[in-house]
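Here is a short tour of a protein model, written for someone just starting out. Have the 3D view open while you read, and follow along from the surface terms to the pockets and sheets.

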Amino acid sequence: MRSFAIAAALVAAMMPLTSAADAAQVAHYEVPRGAHPHDVAPAPDGGVWYTAQAQGALGLIDPKTKKTIQIPLGADAAPHGVIVGPDRAAWVTDGGQNAVIRVDPVTHAAKLYPLPKQAADANLNTATFDRKGILWFTGQNGFYGRVDPATGKVDAWKAPKGVGPYGITTTPQGEVWYASLAGDHIARIDTVSGDALMIAPPKPGVGPRRIWSDSKGLLWVSFWNSGEIGRYDPFNKTWKVWPLPQSKDGCYAIYVDNKDKVWVSDWPANAIHRFDPATEKFETFVSDKPRADVRQILGRPGEVWAAESGTDRLVVVRD
């Protein structure tokens with residue numbers, strides 16, 4: 001009986017936490033084995049970019065045909081993040097080559113923007129474009145910086161608390177913010193001077209990992225160490241926090257969709273949650289394979305995509 005009870009509890013733990021999640025469509029797309037996709041970015045033409053970090057390549061999948069190609073980025077490449085720029089190209093943060101890379105959406109030609117020598121081994125992480133078309137990036141070894149695509153100029157600054165800069169986002173007001181995992185803070189970058197203004201989390205030790213702005217300019221942050229979602233209001237300078245439904249740590253990715261719903265990945269629960277700020281309720285989508293390890297989430301209207309680094313798959317939730 002005890003074995004049966006344990007088994008039943010395990011099955012229950014793997015079930016979605018609310019029936020509302022069943023209304024959405026979930027699909028998985030396999031990528032080449034060993035790619036370990038890290039970040040993902042839907043492309044304007046309907047395809048989906050992903051970083052094949054373990055294979056030094058940028059991948060592109062066609063969800064209609066499931067055809068996948070991988071574009072080698074260089075012998076030492078270890079791409080972490082990918083976003084789509086205003087020019088419709090894929091922009092990659094490559095820790096292996098210590099460079100930001102632009103990949104042309106048509107020719108797939110790669111152009112490198114190496115970091116300055118003073119930012120060697122920055123461990124490039126994530127990028128965002130501001131409203132002026134400047135790309136801003138983070139480097140987990142203690143750097144943040146920018147690339148001007150028009151001139152090719154690259155600037156980098158040392159982060160105020162050293163190692164830790166991770167996720168980064170741009171608000172509708174044009175502000176650029178990053179989250180520092182090891183530094184245990186978030187920060188607003190002065191896009192003119194390059195200075196970073198640090199904001200402490202609501203309590204010490206939460207480990208802000210990723211950050212995303214909603215349509216109002218409120219900042220949503222994944223707290224890796226404490227298993228919580230934090231929302232920072234930069235206008236009133238206040239925090240509000242919600243714990244994950246089950247887990248006490250392991251909140252990795254965060255993304256706010258076009259309806260201002262908040263999506264997060266929960267490593268211990270092997271799940272993606274959708275959080276509605278209006279009702280303060282979670283809907284849960286559990287992976288059908290163990291150790292999905294979703295590291296990043298991004299979307300477009302009607303679709304939310306994530307990279308299952310542990311299963312060599314991409315996953316999409318369609319409304």
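Let's start with one term: a residue counts as buried when its relative accessible area is under 20%, as exposed when it is over 50%, and as partly exposed in between. Keep in mind that what you're looking at is a predicted model.

**Salt bridges**

There are 15 salt bridges in the structure. Here are some of them, with the distance between the closest N and O atoms.

| Acidic residue | Basic residue | Closest N and O atoms |
|---|---|---|
| Aspartate 155 | Lysine 153 | 2.5 Å |
| Aspartate 288 | Arginine 313 | 2.8 Å |
| Glutamate 308 | Arginine 313 | 2.8 Å |

Take the pair of aspartate 155 and lysine 153. Is aspartate 155 buried or exposed? Its relative accessibility is 16%, so aspartate 155 counts as buried. Lysine 153 comes out at 47%, so this residue is called partly exposed.

Now look at arginine 313, which forms a salt bridge with aspartate 288. That pair ties together distant parts of the chain, 25 residues apart: aspartate 288 sits in the loop between β25 (281–286) and β26, while arginine 313 belongs to strand β28 (residues 313–318). Aspartate 288 has 55% relative accessibility, so it counts as exposed. Arginine 313, on the other hand, is buried, with a relative accessible area of 4%. Arginine 313 also forms a salt bridge with glutamate 308, and glutamate 308 is buried too, at 3%.

Elsewhere, salt bridges link Asp87, Arg102 and Asp104 into a network.

**The largest pocket**

What is the volume of the largest pocket? It's about 710 Å³. Its lining is made of 37 residues, and the closest to the centre are Ile83, Thr128, Trp212, Tyr255 and Leu298. Several strands give two or more residues to this lining, among them β2 (37–42), β6 (79–84), β10 (124–129) and β26 (294–300). The largest share comes from β26, with five residues. Sorted by class, the pocket lining holds 18 nonpolar, 13 polar and six charged residues.

**A closer look at β6**

β6 is one of those contributing strands. Why is β6 described as largely enclosed by the rest of the structure? Because five of its six residues are buried. β6 pairs with strand β7 (residues 90–94) in the antiparallel sense, over five bridges. If you want to find the pairing on screen, look for proline 79, which stands opposite aspartate 94 in β7. The hairpin of β6 and β7 has five residues between the strands, and there arginine 88 takes a positive phi near 70°.

**The cavity**

How many cavities of 30 Å³ or more does the structure hold? Just one. The largest cavity has about 60 Å³ of space. Its lining includes Tyr255, Asp257, Asn258, Lys259 and Asp319. Tyr255 is also among the residues closest to the centre of the largest pocket. Two strands, β26 and β27 (303–308), each supply at least two residues of the cavity lining. By class, this lining has two nonpolar, three polar and five charged residues.

**Two open sheets**

β26 turns up again in an open sheet of four strands, in the order β1-β28-β27-β26, with antiparallel pairing. β1 (25–30) and β26 stand at the edges with a single partner strand each, so one side of each has no neighbour in the sheet. From one strand to the next, the twist averages 20°. β26 and β27 run antiparallel and are joined by five bridges. In that pairing, leucine 298 stands opposite tryptophan 305 in β27. Leu298 is another of the residues closest to the centre of the largest pocket.

The other sheet described here is also open, with four strands in the order β2-β3-β4-β5 and antiparallel pairing. Which strands are at its edges? They are β2 and β5 (68–72), each of which pairs on one side only. The twist in this sheet averages 25° from one strand to the next. Four bridges join β2 to strand β3 (residues 48–52), and the two run antiparallel. Here you can look for proline 42, which stands opposite valine 48 in β3.

Key
Residues numbered from 1 in each chain as written. Predicted model: local features only at pLDDT ≥ 70, side-chain atom pairs only at ≥ 80, totals over all residues. Heavy atoms only, no water. 1 Å grid on protein atoms, 1.4 Å probe; cavity = no way out; pocket = protein on both sides within 12 Å on 5 of 7 lines; lining within 4 Å. Points joined across faces, edges and corners; volume = space filled by probe spheres on them. Nonpolar A, V, L, I, M, F, W, Y, C, P; charged D, E, K, R; others polar. Salt bridge = Lys/Arg side-chain N within 4 Å of Asp/Glu carboxyl O. Buried < 20%, exposed > 50% of the residue type's maximum accessible area, 1.4 Å probe, protein only. Pairing = 2+ DSSP bridges. Axes fitted to C-alpha atoms, helices over the stretch in contact; angles between N-to-C directions.
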